[in-house]
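The following paragraphs go through one protein model, from its overall make-up to individual residues. Please keep the sequence and the coordinates at hand while reading.

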Amino acid sequence: TPITAPNMSELGLAVAEVVATDEPPSRIVVVVPAEVSGDLGEITVDVVNIGDDAVQGYRLHVFGQPVEGGAGFQARTIETTLFCARAVSDDGLCV
């Protein structure tokens with residue numbers, strides 16, 4: 001089921017909540033505010049303090065499109081960048 005929300009700001013937060021943790025409590029920070037141009041919206045949010053000893057968090061670049069009828073946006077594409085807590089392997093994985 002696609003993630004939907006009334007606007008792009010709330011869509012970015014809804015996507016971030018999917019990877020956020022309760023213990024320890026994650027912080028969600030809007031890095032690039034929501035912007036809509038034509039039929040494409042985007043927002044960038046960071047989710048940090050996820051309680052993993054190798055992965056410190058994620059940067060989520062969320063692209064959304066209007067839902068049919070214009071009552072909000074749904075996630076179309078999500079680009080994810082990992083924040084490694086220590087180091088990165090030759091394969092690009094957090095270690």
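What does the accessible surface of the protein come to, and what share of it belongs to carbon and sulfur atoms? The model, which is predicted, has an accessible surface of about 5,800 Å², and carbon and sulfur atoms hold 49% of that area. Of the 95 residues in the protein, 28% are buried. The C-alpha trace spans about 45 × 30 × 25 Å along its principal axes.

The secondary structure consists of one helix and five strands. Their order along the sequence is β-α-β-β-β-β. Among contacts with a separation of 6 or more, 43% are between residues 24 or more positions apart.

The interior comes next. The largest nonpolar core has 16 residues, and Leu 11, Val 15, Leu 60 and Val 62 are the ones that touch the most other members. At least two residues of this core come from each of helix H1 (8–19), strand S3 (40–48), strand S4 (55–66) and strand S5 (73–84). H1 contributes the most, with four residues.

Val 62 shows what surrounds one of these core residues. Apart from neighbours within four places in sequence, Val 62 is in contact with Met 8, Leu 11, Gly 12 and Val 15, among others. Its list of contacts also includes Gly 41, Glu 42 and Ile 43, together with Thr 77 and Ile 78.

Another residue to look at in the helix is Ala 16, which is found in H1. Is Ala 16 buried or exposed? Its relative accessibility is 0%, so Ala 16 counts as buried. With neighbours within four places left aside, Ala 16 is in contact with Ile 28, Val 45, Val 47 and Leu 60. As a reference distance across the model, the C-alpha atoms of Ala 16 and Phe 73 are 15 Å apart, while the two residues are separated by 57 residues in sequence.

Beyond the helix, the loop between H1 and strand S2 (27–37) contains Pro 24. The peptide bond that joins Glu 23 and Pro 24 is cis, with omega at about -5°.

S2 leads on to S3. How many bridges join S2 to S3? Eight bridges do so, and the two strands run antiparallel. Glu 35 stands opposite Glu 42 in S3. S2 and S3 form a hairpin that has two residues between the strands. In its turn, Gly 38 has a positive phi of about 65°.

Further along S3 is Asp 46. Where a charged side chain might be looked for on the outside, the accessibility is worth checking: at 11% relative accessibility, Asp 46 counts as buried. Which side chain does Asp 46 meet in a polar contact? The partner is Arg 59, and the polar contact between the two side chains is 2.7 Å. Aside from neighbours within four places in sequence, Asp 46 has contacts with Arg 27, Ile 28, Val 29 and Val 31, and also with Tyr 58, Arg 59 and Phe 83.

After S3, the loop between S3 and S4 holds Asn 49. The phi of Asn 49 is near 65°, a positive value in a residue other than glycine. At a relative accessibility of 38%, Asn 49 is partly exposed.

The last feature is a covalent link. The structure holds one disulfide, formed by Cys 84 and Cys 94 with their sulfur atoms 2.0 Å apart. What does this pair tie together? Cys 84 lies in strand S5 and Cys 94 in the segment after S5, so the disulfide ties together parts that are 10 residues apart in sequence. The torsion about the S-S bond is about -75°, so the disulfide is left-handed. How accessible are the two cysteines? Cys 84 is partly exposed, with a relative accessible area of 24%, whereas Cys 94, at 15% relative accessibility, counts as buried. The limit for buried is under 20% relative accessible area.

Conventions:
Residues are numbered from 1 along each chain as its sequence is written. This is a predicted model: local features need pLDDT of at least 70, side-chain atom pairs count only at pLDDT 80 or more; totals for chains, interfaces and linings use all residues. Side-chain values use heavy atoms; hydrogens and water are left out. A nonpolar core is a set of buried Ala, Val, Leu, Ile, Met, Phe, Trp, Tyr and Cys residues joined through side-chain atoms within 4.5 Å. Buried means under 20% relative accessible area, exposed over 50%, partly exposed in between (1.4 Å probe, protein chains only). Contact means heavy atoms within 4.5 Å. A disulfide is a pair of cysteine sulfur atoms within 2.5 Å. A polar contact is a pair of N or O atoms within 3.5 Å; within protein, one must be able to donate a hydrogen and the other to accept it, and residues adjacent in sequence count only if both atoms are side-chain atoms. Accessible areas come from the Shrake-Rupley method with a 1.4 Å probe; for residues, only the protein chains shown count as cover. Two strands pair if DSSP finds at least two bridges between them.
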